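Please look over the following protein model with an eye to how its parts meet one another. The report after the display takes up individual residues and then moves out to the chain as a whole.

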Amino acid sequence: AKPDVFAHNIETVKSLQEKVRDRRANYKQTLRVLEYARARGMNYTKSSIQLGHGESDEEVLQTMRDLR
């Protein structure tokens, strides 16, 4: 089935991936999954990020740019 919205969470900024996220998934992998979904015709993709783990404002902004 082709969902209306495809979601895959980035979870946190790149520098905190190993502290916050399971090591079997990572930042670049998430970006590739979202890119793959868009390339396969998903009109809408989304992701979520947790805050409050010590990330800087610039790291959050960079994550948003990477997702875009």
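## Ile-49 and its surroundings

Apart from residues up to four places away in sequence, Ile-49 touches Ile-10, Glu-11, Thr-12, Val-13 and Thr-63. The structure discussed here is a predicted model, and in it Ile-49 is found in the loop between β2 and α3. With a relative accessible area of 25%, Ile-49 is partly exposed. From Ile-49 to Ser-15 the separation is 34 residues in sequence and 13 Å in space, taken C-alpha to C-alpha.

One of the residues that Ile-49 touches is Glu-11, which lies in the loop between β1 and α1. Glu-11 is not a glycine, and yet it has a positive phi of about 75°. Its relative accessible area is 22%, so Glu-11 falls in the partly exposed class, given that buried means under 20%.

## Thr-63, a buried residue of α3

Thr-63, another residue that Ile-49 touches, has its place in helix α3. Because its relative accessibility is 1% and the buried class covers values under 20%, Thr-63 counts as buried. When neighbours within four places in sequence are left aside, Thr-63 is in contact with Ile-10, Val-13, Lys-14, Tyr-27 and Ile-49. The side chain of Thr-63 also reaches the backbone oxygen of Glu-59, at 2.9 Å.

Glu-59 takes part in a further pairing, since a polar contact of 2.5 Å joins the side chains of Ser-15 and Glu-59. Ser-15 lies in the loop between β1 (6-7) and α1 (17-20). Between the C-alpha atoms of Ser-15 and Glu-55, which are 40 residues apart along the chain, the separation is 8.1 Å.

## How α2 packs against α3

Two packed helices are described by the angle between their axes and the distance between the axes. For α2 and α3, the angle is about 35° and the axes are 10 Å apart. The residues that meet are Tyr-27, Leu-31 and Leu-34 in α2, and Gln-62, Thr-63, Asp-66 and Leu-67 in α3. By class, this contact of α2 with α3 has four nonpolar, two polar and one charged residues.

Helix α2 also holds Thr-30. Is Thr-30 buried or exposed? With a relative accessibility of 0%, Thr-30 counts as buried. Not counting residues up to four places away in sequence, Thr-30 touches His-8, Asn-9, Ile-10 and Arg-21. Ile-10 thus appears among the contacts of Thr-30, of Thr-63 and of Ile-49.

## The largest pocket

Which residues line the largest pocket? The lining is made up of Leu-31, Leu-34, Glu-35, Arg-38, Thr-45, Lys-46, Ser-47, Met-64, Asp-66, Leu-67 and Arg-68. Two or more residues of this lining are given by each of α2 (27-39), β2 (45-46) and α3 (57-67), and the largest share, four residues, comes from α2.

The volume of the largest pocket is about 260 Å³. Sorted by class, its lining has four nonpolar, two polar and five charged residues. Leu-31, Leu-34, Asp-66 and Leu-67 are among the lining residues, and these residues are also among those that meet in the contact between α2 and α3.

## An exposed position in α1

Lys-19 is found in helix α1. Its relative accessible area is 71%, and Lys-19 is therefore exposed, a class that begins over 50%. Along the sequence Lys-19 and His-53 are 34 residues apart, while in space, C-alpha to C-alpha, they are 9.0 Å apart.

## The chain as a whole

The protein has three helices and two strands, which follow the pattern β-α-α-β-α when read along the sequence. Taken along the principal axes, its C-alpha atoms fill a box of roughly 40 × 25 × 15 Å.

Of the 68 residues in the protein, 22% are buried; Thr-30 and Thr-63 are among those described above. Among contacts with a separation of 6 or more, residues 24 or more positions apart account for 62%.

Methods: Residues numbered from 1 in each chain as written. Predicted model: local features only at pLDDT ≥ 70, side-chain atom pairs only at ≥ 80, totals over all residues. Heavy atoms only, no water. 1 Å grid on protein atoms, 1.4 Å probe; cavity = no way out; pocket = protein on both sides within 12 Å on 5 of 7 lines; lining within 4 Å. Points joined across faces, edges and corners; volume = space filled by probe spheres on them. Nonpolar A, V, L, I, M, F, W, Y, C, P; charged D, E, K, R; others polar. Buried < 20%, exposed > 50% of the residue type's maximum accessible area, 1.4 Å probe, protein only. Contact = heavy atoms within 4.5 Å. Axes fitted to C-alpha atoms, helices over the stretch in contact; angles between N-to-C directions. Polar contact = N/O pair within 3.5 Å; in protein donor to acceptor, adjacent residues only side chain to side chain.
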